[in-house]
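Biologist: I am new to this structure and would like a close look at a single part of it. Please take one pair of packed helices and describe it with care.

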Amino acid sequence: MDSRIITALEVVLVVPAVLVGYIWATERLLGLAQGKWRERIRPWLWLTPALVLLTAFLIVPTLQTVWYSFHNKDGTQWRGLDNYSWFLNGPGLASLINNIIWVVFLTLGTIVVGLAVAVLADRVRYESFAKSILFMPMAISGVCAALIWKFMYWYQVPGVPQTGVVNEVLTKTGQAPIPFLIDSDFKIDTFALIFIMIWMWTGFGTVILSASLKSISPELLEAARVDGASEWQVFRKITFPLLSPTIAVVSTTMIITGLKAFDLVYTLTANGSYDTQVIANEMYNQYFNFGQYGRGAAIAVVLLIAIIPVMLFNIRRFQFQEGIR
Amino acid sequence: MTAATIARTAEARPSAFRRLLRRMPVHLTLGAVLVIWLIPTIGVLINSFRSADAITSSGWWTVLTSPSGLSLDNYSQVLGQEDLGSKFLNSLYITIPATLIPTMLAAFTAYAFAWMKFPGRTWLFLALVALIVIPLQTTFIPIGRMFNNFFGANINGTFLAIWLAHTAYGLPFAIYLLRNFMGSLPREVFEAAAIDGASPVTAFFRLALPMSIPAIASLVIFQFVFVWNDLLVALIFIGPNTDNQPLTQALASLVSSFGSGWQYLAAAGFIAMIVPLVVFLSLQRFFVRGISAGSVKG
């Protein structure tokens, strides 16, 4: 048998046994302690494994990355803000701009389409079918989505039969086919990538917004209609304001998703060629292809700083939820 | 049928038809969106049954009018001769432990957060909420260096490295989700158990764990799909070690190279999609809940 199967089996069986054993062993140990101390020590024993892992793999590495970002390529010499100024004057600006385009259009796209589908599907009988179809791409990896859309965007020179759906439509309507994934005029390639991401994430927006839509009382909407409000006014003045907290939640998710875009760019435009580079791909390049730890770390810190506002928003929202519980 | 009901149905018919007409824009818009959402996948599915020559010389839609030359060759090729079959197994080896371990760890950590009193509980938990969105990128360089000499061995490129990484990355969200669920369980149950002399260990294994099955199911599905679909973490910690690469990594290099063997791409992509799609279709309720709750994870 393959040795990898044996290792995997061992892990699947041994690790849970060790974890359960750990809990039992700590309880035995606590049996020796005084009643008062038992209650004080127990929580920390239960938390220890997770806290150790989180400290070793998330907290300390994040601090180290900040430290690396002020140092040279292998962390031996202090370089101050050199890595940051290199990033902002070099490849950084272009990738930051691309990331902003990603964030803006991805968020707009998923919310507009997601909201439209949520509102429209609410009025038809095949609602759950429609939502399932839209949500399905969430189950697919970025790589598979890339593959699917590589076939959609496929380009053949004019005159030859087109093999991609989008260019077939263009050709049939009398326009020239476009090499979507390498054409950087007007950032066509970046927008082509963003559209794939919208395709992947709209279902998420629809499902969340639809759940929130269903919690609006029908009497309220009916009352407005009786008072002579048009469907559009009902949506503008009642539905939309009531949905805005949910829209904020979906937006934060999409902002993070846009900031962290990586898979599609890596797979479809050769890790950011043709002016499609984004922060995550630039970081991968510096770290993995050039061994530039300092520069890679600085890029990672830029990404972290961009995400901090969202992090604070999440904490605020969590405190609010706890407050009303 | 009474005269009254006949009269009512006769009355209802024209208005039902008029309503359908009035609803036409709704149906058309939804229909258009559904078509855009389905066509890309259908195209790849059809191409996965076509030969390399056919794929490059004509669009997949030509099959709809003249179906010919469809076969399962690509699939048998992918699973047999191309070594994507072993990449598929790698994905399983990586995903199963990387789902099981964080879920178990998170379960008792979440229980401690939900039902044990200790100083600093709220602050610690808020820190955890903050950790959920930490971009994984900020951890790669130090962890990569740590793995170069991990208790004396270089484990970069091994399953152990990626199991550890995914376990740690998955934990904050896993604890968050389970803590919120366990915290909403009825307090009386745990108080009654404590009065009857049950230790927290008993209360955890006999009460909290079984009652949290729905949340655990959502978490397992979320973590499974997240790890199965992951490319970035695999690129960093498995890297160029082709023996241990998961399916996503192998596929990504096929897509971007479009070099040898790319005619198997559509078939290979479908094989990679099957697992999460089956999870989605069979456990849709839990799946949607898990993904919706965990979508901001680093």
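Modeller: What follows is a description of one helix pair and of a residue beside it. This is a predicted model, in which local features need pLDDT of at least 70 and side-chain atom pairs count only at pLDDT 80 or more, while totals for chains, interfaces and linings use all residues. Residues are numbered from 1 along each chain as its sequence is written, and chains are lettered from A and ligands numbered from 1 in the order in which they are written.

Two packed helices are described by the angle between their axes and the distance between the axes. In chain B, helix H5 (residues 84–115) packs against helix H11 (residues 213–229) at an angle of about 145°, and their axes are 9 Å apart; helices here are DSSP runs of H or I with at least four residues, numbered from the N terminus, and axes are lines fitted to C-alpha atoms over the stretch in contact, with angles from 0 to 180 degrees between N-to-C directions.

The residues that meet include Ile94(B) and Ala98(B) from H5(B), and Leu219(B) and Phe224(B) from H11(B), where contact means C-beta atoms, placed from the backbone, within 7 Å. By class, this contact has 10 nonpolar, 5 polar and no charged residues, with Ala, Val, Leu, Ile, Met, Phe, Trp, Tyr, Cys and Pro counted as nonpolar, Asp, Glu, Lys and Arg as charged, and the others, Gly among them, as polar.

Ile94(B) and Ala98(B) are also touched by Ile162(B), which touches Val233(B), Ala234(B), Phe237(B) and Ile238(B) as well, leaving aside residues up to four places away in sequence.

Methods
Two residues are in contact if their C-beta atoms, placed from the backbone, lie within 7 Å. Helices (H or I, at least four residues) and strands (E, at least two) are DSSP runs, numbered from the N terminus.
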